Amino acid sequence: MAHQRQVPRPRLRDATRFVLVGALAAVLTLGAGPARAASGGHVSTIDAATHRMTVTDHGRTVMTFAVGFGKSGFSTPSGTFHVLGKDAVITMTSCSANITCDPGNPEYYVLTVHWAVRLTSAGVFVHAAPWDRVIGRTDTSHGCIHLNTADAHRFYDFSRPGDTVIVKNTGSLADHRSGP
């Protein structure tokens with residue numbers, strides 16, 4: 001009979017300590033350094049002060065666009081977001097955005113929107129807004145970020161779930177009702 005060498009098993013306490021140390025290291029790493037996309041280097045910065053969006057891939061600028069933001073009373077929230085999903089075509093309504101369900105209200109809308117990239121579960125999207133003729137100059141949305149159709153299509157094609165999107169200088173940090 002051959003003699004087998006027994007490998008000592010780690011004690012449960014040692015295994016737990018290893019997991020906890022690893023988890024702590026992961027938490028500390030998440031807050032360190034510049035923003036990095038969860039999906040491999042895509043980071044977009046959208047600045048309300050300049051009405052510009054800069055899209056980078058591993059630190060290299062690959063696209064820049066003029067953008068529009070939320071009008072008075074419907075501010076786009078500032079913060080760091082991650083792409084939650086994408087819709088090539090989506091119907092957006094003021095009712096689903098908790099703005100108004102009254103067709104007589106001037107804020108009422110029902111819109112078919114193309115190239116929508118979702119940033120929040122509350123309904124903040126980056127999307128095409130062909131009806132918005134003042135993108136880059138005046139803010140007209142109900143909280144979403146407007147792009148012209150060609151730019152929205154390019155951003156939609158480039159974006160992946162988990163990508164980092166930094167929105168800054170909007171003057172609003174609250175996650176509130178929003179829409180196109």
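Let me begin with the sheet: in this model, which is a predicted one, four strands form an open sheet in the order E5-E6-E7-E8, and the pairing within that sheet is mixed. The edges are held by E5 and by strand E8, residues 145–147, each of which pairs on one side only, and from one strand to the next the twist averages 35°.

Inside the sheet, E6 and strand E7, the latter covering residues 125–128, run antiparallel and are joined by 2 bridges. If you would like one position to look at on your screens, take Arg 118, whose bridge partner in E7 is Phe 125.

Now to the helix that goes with this sheet. H2 lies across E5, E6, E7 and E8, and its direction makes an angle of about 40° with E6. Thr 149 belongs to this helix, which spans residues 149–158, and, if we set aside the neighbours within four places in sequence, Thr 149 is in contact with Trp 115, Ala 128 and Pro 130. For Pro 130, which is 19 residues away from Thr 149 along the chain, the C-alpha separation is 6.1 Å. Is Thr 149 then buried or exposed? Neither term applies, because its relative accessibility of 34% falls in the class of partly exposed.

Let me turn to the charged side chains, where the structure holds 2 salt bridges. In one of them, Lys 71 is paired with Glu 107, and the closest N and O atoms are 2.9 Å apart. This pair links distant parts of the chain, since Lys 71 sits in the loop between strand E3 (60–66) and strand E4 (79–82), while Glu 107 sits in the loop between strand E5 (85–93) and strand E6 (110–118), the two being 36 residues apart. Both partners are partly exposed, with a relative accessible area of 24% for Lys 71 and of 22% for Glu 107.

The other salt bridge is between the side chains of Arg 160 and Asp 163, with an N to O distance of 4.0 Å. That value deserves a careful reading, because the cut-off for a salt bridge is itself 4 Å. Here the partners fall into separate classes of accessibility: Arg 160 is partly exposed at 33%, whereas Asp 163, at 3%, counts as buried.

Finally, a word on the aromatic rings. Lys 86 lies over the face of Tyr 156, at 4.4 Å from the ring centre, and, as for rings that pair with each other, the structure holds 1 aromatic pair.

Definitions and conventions
Residues numbered from 1 in each chain as written. Predicted model: local features only at pLDDT ≥ 70, side-chain atom pairs only at ≥ 80, totals over all residues. Heavy atoms only, no water. Phe/Tyr/Trp six-rings, centres within 6.5 Å; stacked < 30°, edge-to-face > 60°. Lys NZ or Arg CZ within 6 Å of the ring centre and 35° of its normal. Buried < 20%, exposed > 50% of the residue type's maximum accessible area, 1.4 Å probe, protein only. Contact = heavy atoms within 4.5 Å. Pairing = 2+ DSSP bridges. Axes fitted to C-alpha atoms, helices over the stretch in contact; angles between N-to-C directions.
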